[in-house]
Amino acid sequence: FIDHLIPLVLESNDHWWPIDLANLCRASSAWLYFSRRVLYQCPHLTTFRACALFARSLKENASLRDLVKGVRLQPTTGYRDSIPAAYLESLRIILGTDGLESIILGGDLAVATGRYLHLITNPGAVINLRIDGMPMLCAARHCPSLEWDETLALKFSRLRSLHLCNLVLDMDVDTSTSPCPSTLRTLVLENVELSFGRLTALVNEDTTLEHLHVTTEQGCEYNDDIREVLMSCEVHSLEYRVKHDCHSSEVSLFHNDMEPLPHLKRLHLEGVYVDRDMLECIGRLCRGLKELELRGRGVAVRPAEIA
């Protein structure tokens, strides 16, 4: 087999099973070199035992650390009050890997997840961060949660994508004294309960959000926050989905008192109340709009009126 074809073979399929990559590593030294780079690039670990074994590999072979660019840590075994010291040490080793650019935390690590974010040795290198809560696996007193404070906001100085799912969010940031970095380009909130603070704590006037996505259970509870973000920075794409349709014009997302939104090019609304007045308001405010999609029983306009 011609060695220089190995990378082409590995790149031809982006869904290699770890066991297959491990077997390829045993084929030859050439296969070991290239297969190991794929195997360790962004490991997905779903148990604390797997975390411990992976941490041991990093500790015993320091050269492997340079191959790790991201991690998906989603162990779920019931250690929500206190993780055993041995497993906690394995998390320190993994999150202490220098140069991690993409991090996903879930399972038990989504409960009071801020304590694990502080284990990251080089948060300034992180570009993509996702916290994925799993409410079906957590008792009420162990609700997935994140307290985003000024310390974390300053630590993650190069963050471009923040994706939060199924958790309670506490925005404890005073933007008047600690302005947030303007690097954020994608903000996704799925079934996130904002218990304290405002979404504007994640952006500033220099921020350019290429994509803002909000999915919520209850009708229109995020209207004020979304409106404030739209007025605080450039937003190019907004996708807002309300699972329980909102039918009241009193909670309109757009109104005539808002400043123009010339940078908004894509607007998708689902389950949000839209009548003729709001549609006309969108037309006045969003002169640069290229794509508009309206879905749900709250849409009180006919297709002909949208055209």
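The exercises below, each with a worked solution, concern side chains and backbone angles in a predicted model.

**Exercise 1. Two histidines**

Task: For histidine 163, find the strand that holds the residue, decide whether the residue is buried or exposed, and identify the partner of its side chain in a polar contact.

Solution:
- Step 1. Histidine 163 belongs to strand E6, which covers residues 161-172.
- Step 2. The relative accessibility of histidine 163 is 16%. Buried means under 20%, so histidine 163 counts as buried.
- Step 3. The side chain of histidine 163 makes a polar contact of 2.5 Å with the side chain of glutamate 190.
- Step 4. With neighbours within four places in sequence set aside, the residues in contact with histidine 163 are Leu129, Arg130, Ile131, Val188 and Glu190.

Task: Work through histidine 213 in the same order: which strand holds the residue, is the residue buried or exposed, and which side chain does its own meet in a polar contact?

Solution:
- Step 1. Strand E9, residues 211-216, contains histidine 213.
- Step 2. Its relative accessible area is 9%, so histidine 213 is buried.
- Step 3. Glutamate 239 is the partner: the two side chains are joined by a polar contact of 3.5 Å.
- Step 4. Leaving out neighbours within four places in sequence, histidine 213 touches Leu187, Val188, Leu189, Glu190, Glu239 and Arg241.
- Step 5. Compare the contact lists. Val188 and Glu190 appear for histidine 163, and Val188 and Glu190 also appear for histidine 213.

**Exercise 2. Aromatic pairs**

Task: How many aromatic pairs does the structure hold? Classify the pair of phenylalanine 48 and tyrosine 87 by its ring geometry.

Solution:
- Step 1. The structure contains three aromatic pairs.
- Step 2. In the pair of phenylalanine 48 and tyrosine 87, the ring centres are 5.5 Å apart and the planes meet at 25°, so the pair is stacked.
- Step 3. Phenylalanine 48 is in helix H4 (residues 48-60) and tyrosine 87 is in helix H5 (residues 85-95), so the pair ties together parts 39 residues apart in sequence.
- Step 4. Phenylalanine 48 counts as buried because its relative accessibility is 1%. Tyrosine 87, at 24%, counts as partly exposed.

Task: Do likewise for tryptophan 148 and phenylalanine 156.

Solution:
- Step 1. The centres of this aromatic pair are 5.9 Å apart and the planes are at 35°; the pair is tilted.
- Step 2. Tryptophan 148 is buried, with a relative accessible area of 4%. Phenylalanine 156 is buried as well, with 3%.

**Exercise 3. Positive phi**

Task: Place alanine 112 and asparagine 166 in the structure, and state the sign of phi for alanine 112 and for asparagine 166.

Solution:
- Step 1. Most residues other than glycine have a negative phi.
- Step 2. Alanine 112 has a positive phi, near 50°. Alanine 112 sits in the loop between strand E3 (102-106) and helix H6 (114-117), and with a relative accessible area of 35% is partly exposed.
- Step 3. Asparagine 166 also has a positive phi near 50°, but its place is in strand E6. Its relative accessible area is 24%, so asparagine 166 is partly exposed.

**Exercise 4. A surface patch**

Task: Which residues form a nonpolar patch on the surface with Ile2, and where does isoleucine 2 lie?

Solution:
- Step 1. Leu5 and Leu8 join Ile2 in the patch, and together the three have about 260 Å² of accessible area.
- Step 2. Isoleucine 2 is in the segment before helix H1 (6-11).
- Step 3. Isoleucine 2 has 48% relative accessibility, so the residue counts as partly exposed.

Technical notes: Residues are numbered from 1 along each chain as its sequence is written. This is a predicted model: local features need pLDDT of at least 70, side-chain atom pairs count only at pLDDT 80 or more; totals for chains, interfaces and linings use all residues. Side-chain values use heavy atoms; hydrogens and water are left out. Patches are made of residues with over 30% relative accessible area and no salt bridge: like charges are joined within 9 Å, nonpolar side chains (Val, Leu, Ile, Met, Phe, Trp, Tyr) within 5 Å. Accessible areas come from the Shrake-Rupley method with a 1.4 Å probe; for residues, only the protein chains shown count as cover. A salt bridge is a side-chain nitrogen of Lys or Arg within 4 Å of a carboxyl oxygen of Asp or Glu. Helices (H or I, at least four residues) and strands (E, at least two) are DSSP runs, numbered from the N terminus. Buried means under 20% relative accessible area, exposed over 50%, partly exposed in between (1.4 Å probe, protein chains only). A polar contact is a pair of N or O atoms within 3.5 Å; within protein, one must be able to donate a hydrogen and the other to accept it, and residues adjacent in sequence count only if both atoms are side-chain atoms. Contact means heavy atoms within 4.5 Å. Rings of Phe, Tyr and Trp (its six-membered ring) pair if their centres lie within 6.5 Å; planes under 30 degrees apart count as stacked, over 60 as edge-to-face and the rest as tilted.
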